[in-house]
Amino acid sequence: MFYVTKEFSFDAAHNLIKYHGKCEKLHGHTYKLRVTVAGEPDNEGMIMDFLELKDIVKKEILKHLDHSYINKIIEQPTAENIAKWIFDRLKPCINNDRRKLHEVTLWETPTSSVRYLEEE
């Protein structure tokens, strides 16, 4: 099994309405996103072209989240809920008979991240 990974970043604001503490107030982050696809190479020797992966992430994720107020998209935009939302949007665009979306990792800060992958 091979794994192809591409990283992205976007800026967005949110507040956690069901949380009591500093993060319940409106604030922003420069998020870092890592998308990993698993599979076997095709006859061109690739699981997925990096450019194809970049185009999908730009269209399905960055177009919606970059410079946005995430609460308008995800009710309680914790890092966990954002990562799952990203995974759920990318999965049908990436999965086919020889590859699948393996994992999404989202950093809210340089030292704080969440990973989401589906159980086998």
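## The sheet

Let's start with the backbone of this predicted model: five strands make an open sheet with mixed pairing, in the order β3-β1-β2-β4-β5. Strands here are DSSP runs (E, at least two residues) and helices are too (H or I, at least four), numbered from the N terminus. Two strands pair if DSSP finds at least two bridges between them. At the edges stand β3 (68-69) and β5, each with a single partner strand, so one side of each has no neighbour in the sheet.

Now look at β2 and strand β4 (residues 99-109): they run antiparallel and are joined by eight bridges. In this part of the sheet, K32 stands opposite W107 in β4.

## Helices on the sheet

Helix α1 (residues 50-65) packs on the sheet and touches β1, β2, β3 and β4, where contact means heavy atoms within 4.5 Å. The direction of α1 makes about 20 degrees with that of β1. Such angles run from 0 to 180 degrees between N-to-C directions, using axes fitted as lines to C-alpha atoms, for helices over the stretch in contact.

Helix α2 packs on the sheet as well, touching β2, β4 and β5. Its direction makes about 155 degrees with that of β4.

## Aromatic pairs

How many aromatic pairs does the structure hold? There are two. Rings of Phe, Tyr and Trp (its six-membered ring) pair if their centres lie within 6.5 Å; planes under 30 degrees apart count as stacked, over 60 as edge-to-face and the rest as tilted.

F10 and Y31 are a stacked pair, 4.9 Å centre to centre with 15 degrees between the planes. F10 sits in strand β1 (residues 2-14) and Y31 in strand β2 (residues 27-39), so the pair ties together parts 21 residues apart in sequence. F10 is buried at 1% relative accessible area, and Y31 is buried at 0%; buried means under 20%, exposed over 50%, partly exposed in between (1.4 Å probe, protein chains only).

F87 and Y116 pair edge-to-face, at 5.1 Å centre to centre and 75 degrees between the planes. F87 is in helix α2 (residues 79-94) and Y116 in strand β5 (residues 112-116), 29 residues apart. F87 is buried at 1%, while Y116 is partly exposed at 22%.

## Charges over rings

K32 also lies over the face of W107, at 4.5 Å from the ring centre. A charge sits over a ring if NZ of Lys or CZ of Arg is within 6 Å of the ring centre and within 35 degrees of the ring normal. K6 lies over the face of F8, at 5.9 Å.

## About the numbers

Residues are numbered from 1 along each chain as its sequence is written, and side-chain values use heavy atoms, leaving out hydrogens and water. In this predicted model, local features need pLDDT of at least 70 and side-chain atom pairs count only at pLDDT 80 or more, while totals for chains, interfaces and linings use all residues.
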